[in-house]
Amino acid sequence: MKNIERELICPICQELFTHPLILPCQHSVCHKCVKELLMPNHDDSLSTDAGSESSNPGSPRARVPSPSMEKLERLVRSASLRRSFGGRGRCGRSSVTPRVTTFPCPGCQHDIDLGERGISMLFRNFTLESIVERYRQAARAAVAIMCNVCKPPVQEATKSCMDCKASFCNECFKMNHPWGTPKAQHEYVGPTTNFRPKVLMCPEHEMEKVNMYCEVCRRPVCHLCKLGGSHANHRVTSMSSAYKILKEKLSKSIHYLISKEDQVRTQISELDVLIHHTEENGQLAERRANEHFEHLFETLQERKTEMLRSIQQSRNLRVERLRTQVEEYQGMLENSGLVGYAQEVLKETDQSCFVQTAKLLHVRIQKATESLKTFQPAATPSFEEFVLDTSKEEILLKELSFSGVPEPPVIDLSRCCVYNEGLIHWRLSEDSLPTDHHIVEFRKLGAEEDEEEEPCWSATERVYGCSTVVSDLSSDSRYAFRVKSCRNGVFSPCSPEVTFHTPPAPVFGFLFNEKCGFSAERLQLSQRRDSVESVAGMSFLLAAERVQTGSYICLDYIIGDTGISHGRHYWAFRVQPNSYMVKVGVASDSKLTEWFHNPRDTSSPRYDHDSGHDSGSEDTCFEVSQPFTLVTVGMGRLFIPKASVSAAGDHSSRVLPMPQRIGVCLDYDAGRVFFYDADTMRLLYERQVDCSGTMYPAFGLLGGGAVHLEEFITAKRLSYL
């Protein structure tokens with residue numbers, strides 16, 4: 001038993017299995033570990049002893065101790081999705097935190113989707129649980145299991161009743177299981193603390209016993225699962241047949257392994273030799289690499305010495321020339337140098353002697369005079385020709401790698417997105433070597449960065465795919481991201497850095513509301529309620545036909561199902577490029593009530609000043625704070641409202657290309673709303689809004705068009721530490 005400990009360790013908590021559950025991929029994990037992953041905010045108030053059972057012993061929903069907060073934070077750090085909604089309005093709903101239902105198996109890394117029922121759909125691995133219990137007993141052979149019934153002094157247990165779920169000494173067992181009573185028929189085993197149910201119950205139909213085996217899902221099922229459940233169209237076999245087949249296969253496989261014991265031992269010896277060679281070759285490669293670097297250091301040092309010597313020689317030569325020039329100019333001063341000597345020569349009275357000396361002196365004086373008129377330093381102080389550009393060499397050194405290192409990845413900007421979290425995608429070159437994993441590094445960019453300090457990068461856990469989610473990013477901040485690949489413990493150079501700007505406020509989550517003023521005739525809502533499309537159908541034509549002077553069809557409004565009553569919130573969406581006209585923004589509950597309760601199928605867009613249309617009367621009182629703000633989007637353009645009547649002349653400055661994604665930020669407390677290009681976070685427009693009631697995201701559509709809400713970024717890949 002002591003030799004199988006490795007098979008009895010949970011891959012998540014790295015401890016012996018406790019109430020193991022079987023995942024759809026047939027790997028097992030602890031019940032408490034799965035619960036921590038799926039319900040990170042769940043407060044388990046049903047904590048009991050590790051040996052306690054649930055009311056239904058066949059169900060996997062056994063009560064287990066509450067997970068520690070420390071381990072909980074470690075396991076769900078990269079997967080927890082926090083959506084903090086605003087206040088609850090008449091058409092709103094309260095804040096919720098959606099739980100994680102998908103996670104990768106820690107054994108095979110395949111995605112496991114448990115759906116709505118979660119862990120209740122998983123079987124407990126009672127066989128593994130029994131083996132773990134036998135291992136525990138073998139590990140603590142000196143610790144006896146005591147009788148649960150004895151009065152002090154308690155005797156050592158000799159039997160455990162699987163029906164009573166208790167351990168007994170000989171005397172207590174006889175007293176509690178008298179001959180001739182139903183209890184005498186109870187099943188008993190050796191002393192144990194692991195009491196498994198006699199019959200495995202179906203987790204989906206808890207009152208039914210499993211009596212069949214689904215060959216498609218590879219799990220036991222009951223007859224109700226086959227008749228009308230999720231396994232109705234699956235191929236099933238009887239439990240006895242499945243037991244016989246699987247036991248025969250397992251026995252043959254075990255017999256084959258046992259018969260190949262000599263071969264296994266030979267291969268173990270070969271592996272030991274490989275380990276020895278690996279250590280030797282690794283040390284040799286390390287020495288050679290160190291020699292290469294030492295050679296590079298020597299070459300660099302030699303080159304450094306030569307270049308510094310050239311600079312020093314040039315500096316000494318220039319300084320010498322300048323000092324000579326200084327001495328010459330000092331000689332031009334009165335009573336010193338050349339001038340002083342000339343003054344002494346002038347004192348000579350003998351003409352022949354004077355002429356003999358003054359001729360050469362005059363030539364020197366003339367040269368000094370000319371140099372004074374055309375002053376030119378003997379040497380230049382600039383050392384521009386000695387400026388050293390090492391940028392190319394630095395790049396080469398950064399890209400210095402072994403021949404077996406893969407090419408650096410490239411971040412795919414078309415698939416990256418920063419919303420509530422940061423979703424980073426990258427790709428490898430076609431001729432790149434296979435990689436073991438990737439590391440994503442990121443850092444926050446400040447307004448003024450100190451070039452002298454080395455930038456501090458944060459790193460994610462190992463990523464085995466080509467995308468990951470980076471959590472806990474600050475609002476309204478710029479971040480730089482880069483990726484590097486690893487193969488055989490050696491990292492590739494980093495990818496070129498890319499920069500993203502996070503939203504200016506916490507992301508506000510909502511769906512479209514199909515109950516408040518929704519026009520089912522002209523608007524089509526997706527099943528998930530995250531997309532709405534305006535359809536110009538028959539009702540549109542009939543309404544237009546009744547107006548003789550032209551078509552004045554009013555907008556069809558739809559709002560979010562969650563309201564905002566305080567704080568600062570941000571949301572983003574996409575308007576279909578071929579949309580005719582879409583109004584986007586915010587509106588108060590009072591204004592929405594007015595719009596929805598006073599329907600006008602056909603009316604002029606100038607009917608009132610706050611109809612929501614981009615009309616002249618609306619612009620006239622635009623500077624007045626109103627309980628709504630809507631911006632017009634359509635025909636591939638975004639139209640900025642006029643700031644005042646005086647701005648009515650120039651339309652070109654108010655027409656912008658329609659962004660691929662539009663962001664809206666509502667500061668309820670400050671009473672202002674902001675519109676952004678959500679891809680670049682460039683502010684397009686802002687204005688004051690009257691936040692006297694509950695505010696809702698509002699959308700108005702006219703003619704053909706569609707709006708798609710931005711999806712929340714969820715972390716699918718968790719970290720098992």
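In the predicted model, the axes of helix H8, which spans residues 337-345, and helix H9, which spans residues 351-373, approach each other to within 11 Å and cross at roughly 150°. Since angles over 145 degrees count as roughly antiparallel, H8 and H9 are therefore roughly antiparallel to each other, and the crossing of the two helices is left-handed. On the side of H8, the contact is made by Leu338, Tyr341, Ala342 and Val345, which meet Phe354, Thr357, Leu361, Arg364, Ile365 and Ala368 in H9. By residue class, this contact of H8 with H9 comprises 8 nonpolar residues, together with 1 polar and 1 charged residue.

Turning to the strands, an open sheet is formed by 7 strands, arranged in the order E21-E22-E33-E24-E29-E30-E31, with antiparallel pairing. Its edges are occupied by strand E21 (523-525) and strand E31 (682-688), each of which pairs on one side only. On average, and with direction ignored, neighbouring strands of this sheet are turned by 20° against each other.

Within the sheet, strand E24, covering residues 568-575, pairs in the antiparallel sense with strand E33, covering residues 705-709, and this pairing extends over 3 bridges. One residue pair can be assigned here explicitly, as Val575 has Val707 in E33 as its bridge partner. In general terms, the strands of a sheet pair through backbone hydrogen bonds, in either a parallel or an antiparallel manner; for the sheet described here, the pairing is antiparallel.

Methods. Residues are numbered from 1 along each chain as its sequence is written. This is a predicted model: local features need pLDDT of at least 70, side-chain atom pairs count only at pLDDT 80 or more; totals for chains, interfaces and linings use all residues. Side-chain values use heavy atoms; hydrogens and water are left out. Two strands pair if DSSP finds at least two bridges between them. Helices (H or I, at least four residues) and strands (E, at least two) are DSSP runs, numbered from the N terminus. Axes are lines fitted to C-alpha atoms, for helices over the stretch in contact, and angles run from 0 to 180 degrees between N-to-C directions. Angles under 35 degrees count as roughly parallel, over 145 as roughly antiparallel, 65 to 115 as roughly perpendicular and the rest as oblique. A crossing is left-handed if the near helix is turned anticlockwise from the far one by less than a right angle, and right-handed if clockwise. Contact means heavy atoms within 4.5 Å. Ala, Val, Leu, Ile, Met, Phe, Trp, Tyr, Cys and Pro count as nonpolar, Asp, Glu, Lys and Arg as charged, and the others, Gly among them, as polar.
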